[in-house]
Amino acid sequence: MEQQHKSTVIITGASSGVGLYAAKALAKRSWHVIMACRNLEKTEAAAQTVGIPKDSYTIIHIDLGSLDSVRKFVQDFRATGRSLDALVCNAAIYMPLIKEPLFSPDGYELSVATNHLGHFLLCNLMLEDLKKASTSEPRLVILGTVTHNPNELGGKIPPRPDLGDLKGFEAGFKAPHTMIDGKKFEPVKAYKDSKVCNVLTMRELHRRYHESTGITFSSLYPGCVATTALFRNHYPLFQKLFPVFQKYITGGFVSEELAGERVADVVADPAYNQSGIYWSWGNRQKKDGKSFVQKVSNEASDDAKAEKMWDFSAKLVGLA
């Protein structure tokens with residue numbers, strides 16, 4: 001029964017990379033981790049490999065590309081009887097080499113469906129659980145990326161993110177509308193656009209719900225985790241050279257373990273109990289590098305666009 005008194009966090013995409021090491025870091029801090037993943041066997045093996053104690057985690061299936069799966073996950077979590085103290089939206093897919101779009105079971109372009117729409121639905125459904133948290137400081141954290149921001153080096157590389165007037169969302173976001181801006185499909189831009197939506201979602205959650213609920217909504221970019229499985233669908237040569245480039249040229253590289261620790265800090269450390277904030281780190285390779293509040297891109301700070309994105313997304317996931 002003792003574990004029922006632990007704070008509980010849900011982490012999506014916890015079977016590898018940043019999500020796995022965030023789970024490990026939070027388990028070390030006496031949190032119980034709900035590892036929300038597609039492949040249960042892979043997740044179990046990963047948890048054992050990095051040494052997460054068996055009584056510190058529960059694995060529950062979720063496929064963020066399927067809205068029905070997201071709803072089923074919420075039911076399965078509630079069936080555990082646990083309170084929810086933090087939600088970490090970490091999972092993402094990136095498919096830079098595909099020529100034609102892939103589609104979710106709901107008929108939406110798969111990277112936006114997984115990275116944005118699935119998390120958008122999950123956040124909205126779990127607000128009720130976070131309102132009843134056992135802690136006085138419930139938190140909802142959405143992972144960001146430097147590529148969302150054209151003001152940063154990583155965001156200057158084309159194609160740059162641009163949601164335009166969200167014409168693709170407005171048209172229902174089903175074929176032939178496979179990009180949020182309604183233009184021709186481009187897989188790298190689709191990923192970057194989805195990450196802009198993640199930041200807009202965090203900021204709009206803060207605007208709508210922080211004052212009335214006390215929930216802290218934030219995002220973070222922990223540094224470039226160039227070895228993560230996010231890049232598994234890229235060219236093998238890219239996978240080999242990208243970590244070297246980030247370590248020795250840009251200085252942006254961080255290990256999966258350090259990135260996981262930074263996520264755990266934003267979830268659990270009292271110093272990060274500020275809502276509407278996008279956290280980043282100077283000297284990103286250094287373990288003792290100091291965090292700071294990062295200015296997000298012009299598009300990600302556009303309140304009118306955030307509200308428009310919210311309204312369209314709510315319709316696409318069946319909340320409106």
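Tutor: Two strands pair if DSSP finds at least two bridges between them, and the elements themselves are DSSP runs, helices being H or I over at least four residues and strands E over at least two, numbered from the N terminus. This is a predicted model, in which local features need pLDDT of at least 70 and side-chain atom pairs count only at pLDDT 80 or more, whereas totals for chains, interfaces and linings use all residues. Residues are numbered from 1 along each chain as its sequence is written, and side-chain values use heavy atoms, with hydrogens and water left out.

Student: How many helices and strands does the chain have?

Tutor: Its secondary structure comes to 10 helices and 8 strands. Of the 320 residues, 57% count as buried, a term for under 20% relative accessible area, with exposed meaning over 50% and partly exposed in between (1.4 Å probe, protein chains only).

Student: Which strand does β1 join through 5 bridges?

Tutor: Strand β1 (residues 8-12) runs parallel to β2 (residues 32-37), and 5 bridges join the two; isoleucine 10, for example, has isoleucine 34 of β2 as its bridge partner. Between these strands the chain passes through α1, in a β-α-β crossover that is right-handed, meaning that, with the strands pointing away from the viewer, the path from the first strand over the helix to the second runs clockwise.

Student: Which strands pair with β4?

Tutor: There are parallel pairings with β1, over 3 bridges, and with β5 (residues 139-143), over 4 bridges. Valine 9 has its bridge partner in alanine 86 of β4, while valine 88 is partnered by valine 141 of β5. From β4 the chain crosses through helix α4 (residues 110-131) to β5, and this β-α-β crossover is right-handed.

Student: Which residues lie on each side of β1 and of β4?

Tutor: In a regular strand the side chains alternate between the two faces of the sheet. In β1, Thr8, Ile10 and Thr12 lie on one side and Val9 and Ile11 on the other, and all are buried, so that both faces are covered. In β4 (residues 86-89), both faces are likewise covered, with Ala86 and Val88 buried on one side and Leu87 and Cys89 buried on the other.

Student: What span should helix α9 have?

Tutor: The expected span of a helix is 1.5 Å times one less than its number of residues. Because helix α9 (residues 256-268) has 13 residues, it should span 18 Å, and its end C-alpha atoms are indeed 18 Å apart. Helix α9 is mostly covered, with 10 of its 13 residues buried, including Leu258, Arg262 and Val266. Its buried residues pack, by contacts of heavy atoms within 4.5 Å, against elements including β1, β4, β5 and β7 (277-281).

Student: What caps the N-terminal end of α10, and what follows this helix?

Tutor: Aspartate 302 is the cap, placing a side-chain oxygen 3.1 Å from the backbone nitrogen of alanine 304. Helix α10 (residues 303-316) has 14 residues and reaches 20 Å from its first C-alpha to its last, close to the 20 Å expected. Among its buried residues are Met309, Trp310 and Phe312, and the buried residues of α10 pack against α3 (67-79), α4, α6 (167-170) and α7 (187-213). Glycine 318, with a positive phi near 85°, follows the helix.

Student: What share of contacts joins residues at least 24 apart?

Tutor: Among contacts between residues at least 6 apart in sequence, that share is 73%.

Terms used:
A polar contact is a pair of N or O atoms within 3.5 Å; within protein, one must be able to donate a hydrogen and the other to accept it, and residues adjacent in sequence count only if both atoms are side-chain atoms.
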